[in-house]
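Student: I would like to work through a protein structure step by step. Can we take it as questions and answers?

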Amino acid sequence: MPIDRKDYLLTVLKKNPGEIFEIMGSMWNTFKYRFIQPCIGKNTIVRRKTVIINYANVKIGKNCVLQDYVYIRAGAHGKVTFEDGCMINSFSRFFGHGGIEVGENCQFGPGVTVTTTGHDYKENNLREIFKKVTIGERVWIGANVTILPGVTIGDYTVVGAGSVVTRDLPPNAVAVGSPAQAIKHFPVSPSRVN
Ligand SMILES: CC(C)(COP(=O)(O)OP(=O)(O)OC[C@H]1O[C@@H](n2cnc3c(N)ncnc32)[C@H](O)[C@@H]1OP(=O)(O)O)[C@@H](O)C(=O)NCCC(=O)NCCS
């Protein structure tokens, strides 16, 4: 069941009045990324201590939540895009020099790392290589998953906690392990979407 944000805030404040400072920090961060360094859509919440670097190359849609301590860095050329309705949990990190594209309504558990940078280990100077990561719609990425450069994850797929995604994953699959492999395929009925 979706959380009623107003009800949640009132309940938290009643029990922990000191949380007002956390809430004010979130309000400030949301304001900052909506109007001063604009890169988020309407009704998107950015909680305190979350940082977005190179915001001109970041676009986060409407009705998203970025919990506290999320780190998003776009590159000079690589863009980072989250479509509407995405939820990103604390301590998740997105390094978007090669570009990151995320579809609607995706969920990221805590501590997810998405990296788009590699190094050519055969060259003396470890030249950087950038590759885009593409994540479909309504994908659920479990806690502490690492997603490597160049990977595409299909719509509706679930990636189990702690997995390392080294290769593309199909849509409608449950994938687990290191390297992550699809262990199940499932249909999604339209009524279950959203
Ligand atoms: C993948 C997941 C969703 C379970 O999906 P499921 O379809 O119910 O899968 P099951 O529990 O039936 O497990 C199927 C098999 O995969 C294994 N498995 C499940 N999750 C795994 C994981 N994260 N890593 C490795 N193996 C895993 C199970 O042990 C089981 O193996 P077995 O058949 O040898 O016994 C769940 O395990 C998971 O990782 N959830 C993420 C939770 C999370 O990160 N929450 C943070 C908040 S978003």
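The questions below deal with the ligand site, the salt bridges and some backbone details of this predicted model.

Student: Which residues are around the ligand, and how many of them are nonpolar, polar and charged?

Tutor: The model is predicted. In it, the shell around the ligand includes G109, P110, W140, G142, A143 and V158. G160, A161, V174, V176, I183 and K184 are also among the residues around the ligand. Sorted by class, the shell has 8 nonpolar, 3 polar and 1 charged residues.

Student: Which two strands each supply at least two residues of that shell?

Tutor: The shell includes V174, V176, I183 and K184. Strand 20 covers 173-176 and strand 21 covers 181-185. The strands asked for are therefore strand 20 and strand 21.

Student: What distance separates a polar side-chain atom of K184 from an oxygen atom of the ligand?

Tutor: Backbone and side-chain atoms both come into play here. A backbone N or O atom of A143 lies 2.7 Å from a ligand oxygen, and a backbone N or O atom of A161 lies 2.8 Å from a ligand oxygen. For K184 the atom is a polar one of the side chain, and its distance to an oxygen of the ligand is 2.8 Å.

Student: How much of the ligand's accessible area does the protein cover?

Tutor: Contacts with the ligand include one from a backbone N or O atom of A143, at 2.7 Å from a ligand oxygen. On its own, the ligand has 920 Å² of accessible area. The share of this area that the protein covers is 44%.

Student: How many salt bridges does a search of the whole structure find?

Tutor: Side chains of opposite charge can pair when their charged atoms come close. One such pair is R48 and E22, with their closest N and O atoms 2.6 Å apart. Over the whole structure, the number of salt bridges found is 4.

Student: How many residues apart are R48 and E22?

Tutor: R48 forms a salt bridge with E22. R48 is in the loop between strand 1 (45-46) and strand 2 (51-53), while E22 is in helix 2 (residues 20-36). The bridge thus links distant parts of the chain, and the separation is 26 residues.

Student: Is E22 buried, partly exposed or exposed?

Tutor: Buried means under 20% relative accessible area, and exposed means over 50%. E22 has a relative accessible area of 23%. This value falls in between, so E22 is partly exposed.

Student: Where are K132 and E101, which meet in a salt bridge?

Tutor: The N to O distance of this salt bridge is 2.6 Å. The two residues are 31 residues apart, in distant parts of the chain. K132 is in the loop between strand 13 (128-130) and strand 14 (133-135), and E101 is in strand 9 (residues 100-102).

Student: Which residue of the salt bridge between R127 and D120 counts as buried?

Tutor: The side chains of R127 and D120 meet at 3.6 Å, N to O. R127 has a relative accessible area of 40%, so R127 is partly exposed. The value for the other partner is 18%, and because buried means under 20%, the residue asked for is D120.

Student: Which residues do salt bridges with shared partners join into one network?

Tutor: R127 and D120 form a salt bridge. Through shared partners, salt bridges make one network of D120, E123 and R127.

Student: Which residues does N29 touch, leaving out those up to four places away in sequence?

Tutor: N29 lies in helix 2. With a relative accessible area of 6%, N29 is buried. Its contacts are V46, R47, R48, K49 and T50.

Student: What is the form of the peptide bond from S178 to P179?

Tutor: Most peptide bonds are trans. P179 is in the loop between strand 20 and strand 21. The bond from S178 to P179 has omega near 0 degrees, and its form is cis.

Student: What is the phi of N43?

Tutor: Most residues other than glycine have a negative phi. N43 is found in the loop between helix 2 and strand 1. Although N43 is not a glycine, its phi is positive, at about 65 degrees.

Notes:
Residues are numbered from 1 along each chain as its sequence is written. This is a predicted model: local features need pLDDT of at least 70, side-chain atom pairs count only at pLDDT 80 or more; totals for chains, interfaces and linings use all residues. Side-chain values use heavy atoms; hydrogens and water are left out. A residue is near a molecule or strand if one of its heavy atoms lies within 4 Å of it. A polar contact is a pair of N or O atoms within 3.5 Å; within protein, one must be able to donate a hydrogen and the other to accept it, and residues adjacent in sequence count only if both atoms are side-chain atoms. Accessible areas come from the Shrake-Rupley method with a 1.4 Å probe; for residues, only the protein chains shown count as cover. Helices (H or I, at least four residues) and strands (E, at least two) are DSSP runs, numbered from the N terminus. Ala, Val, Leu, Ile, Met, Phe, Trp, Tyr, Cys and Pro count as nonpolar, Asp, Glu, Lys and Arg as charged, and the others, Gly among them, as polar. Buried means under 20% relative accessible area, exposed over 50%, partly exposed in between (1.4 Å probe, protein chains only). Contact means heavy atoms within 4.5 Å.
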